[in-house]
Amino acid sequence: MESETLRTTEAQRKAVREYEKRNDRINIIFPRGTRDRMKQLGIEKPNTFIKEVVAAELDRMEKYKK
């Protein structure tokens, strides 16, 4: 079996591991057409929009939980 050439350097892989340690990753699947709906509403960066909405809702929920 031939040795496989890695496409990333060890430094890049280490940086990714460190980044992942500092952040939570959540994968979510939306119904088909959700991206198009966002685009029609002028949302150019869906990831940023989703992060901001979730953070705002968590803040709101924590405020009323107390």
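These questions and answers walk through a predicted model.

Reader: How much space lies in the largest pocket?
Author: Rolling a probe the size of a water molecule over the atoms shows where empty space is left. In this model, the lining of the largest pocket has 22 residues. The space in that pocket comes to about 960 Å³.

Reader: Which residues lie nearest the centre of the largest pocket?
Author: The lining of this pocket has 22 residues. Five of them are named as nearest the centre. They are Ile-26, Ile-28, Asn-47, Ile-50 and Lys-51.

Reader: Which element gives the largest share of the lining of the largest pocket?
Author: Start with the elements that give two or more residues to the lining. They are helix 1 (10-22), helix 2 (34-40) and helix 3 (46-65). Nine residues make up the largest share, and they come from helix 3.

Reader: How many residues of the pocket lining are nonpolar?
Author: Sort the lining residues of the largest pocket into three kinds. Four are polar and five are charged. The nonpolar ones number 13.

Reader: How many salt bridges does the structure hold?
Author: Side chains of opposite charge can pair when their charged atoms come close. One such pair here is Lys-21 with Glu-18. Another is Arg-13 with Glu-10. The count for the structure is four.

Reader: Why are Arg-13 and Glu-10 about one helical turn apart?
Author: The side chains of Arg-13 and Glu-10 meet in a salt bridge, at 2.9 Å from N to O. Both residues sit in helix 1. They are separated by about one helical turn because their spacing in that helix is three residues.

Reader: Which residues are linked with Glu-10 in a network of salt bridges?
Author: Glu-10 meets Arg-13 in a salt bridge. Glu-10 also forms a salt bridge with Arg-17, with the closest N and O atoms 3.1 Å apart. So Glu-10 takes part in both pairs, and the network links Glu-10 with Arg-13 and Arg-17.

Reader: Is Arg-13 buried, partly exposed or exposed?
Author: Partly exposed runs between the buried limit, under 20%, and the exposed limit, over 50%. Glu-10 has a relative accessible area of 44%, so Glu-10 is partly exposed. Arg-17 has 42% and is partly exposed. Arg-13 has 25% relative accessibility, so Arg-13 counts as partly exposed.

Reader: How far apart are the closest N and O atoms of Lys-21 and Glu-18?
Author: Lys-21 and Glu-18 are three residues apart in helix 1, so about one helical turn separates them. The two form a salt bridge. Their closest N and O atoms are apart by 3.5 Å.

Reader: Is Lys-21 buried or exposed?
Author: A residue counts as exposed when its relative accessible area is over 50%. Glu-18, the salt-bridge partner of Lys-21, has 34% relative accessibility and counts as partly exposed. Lys-21 has a relative accessible area of 66%, so Lys-21 is exposed.

Reader: What accessible area do the residues of the nonpolar surface patch have together?
Author: The patch is formed by Val-54, Leu-58 and Met-61. Leu-58 lies in helix 3. Leu-58 has a relative accessible area of 45%, so Leu-58 is partly exposed. Together the three patch residues have an accessible area of about 280 Å².

Reader: What distance separates the C-alpha atoms of Leu-58 and Asn-47?
Author: Asn-47 is among the residues nearest the centre of the largest pocket. Leu-58 belongs to the nonpolar patch on the surface. Along the chain, the two are 11 residues apart. Their C-alpha atoms are separated by 16 Å.

Reader: Where does Thr-9 lie, and how far is its C-alpha atom from that of Lys-65?
Author: Thr-9 is in the segment before helix 1. Its relative accessible area is 43%, so Thr-9 is partly exposed. Thr-9 and Lys-65 are 56 residues apart along the chain. Their C-alpha atoms are separated by 46 Å.

Reader: Is Lys-39 buried or exposed?
Author: Lys-39 lies in helix 2. The cut-off for exposed is over 50%. Lys-39 has a relative accessible area of 67%, so Lys-39 is exposed.

How values were computed: Residues numbered from 1 in each chain as written. Predicted model: local features only at pLDDT ≥ 70, side-chain atom pairs only at ≥ 80, totals over all residues. Heavy atoms only, no water. 1 Å grid on protein atoms, 1.4 Å probe; cavity = no way out; pocket = protein on both sides within 12 Å on 5 of 7 lines; lining within 4 Å. Points joined across faces, edges and corners; volume = space filled by probe spheres on them. Helix = DSSP H or I, 4+ residues; strand = E, 2+ residues; numbered from the N terminus. Nonpolar A, V, L, I, M, F, W, Y, C, P; charged D, E, K, R; others polar. Buried < 20%, exposed > 50% of the residue type's maximum accessible area, 1.4 Å probe, protein only. Patch = residues over 30% accessible without salt bridge, like charges linked within 9 Å, V, L, I, M, F, W, Y side chains within 5 Å. Areas by Shrake-Rupley, 256 points an atom, 1.4 Å probe, with all protein chains shown as cover.
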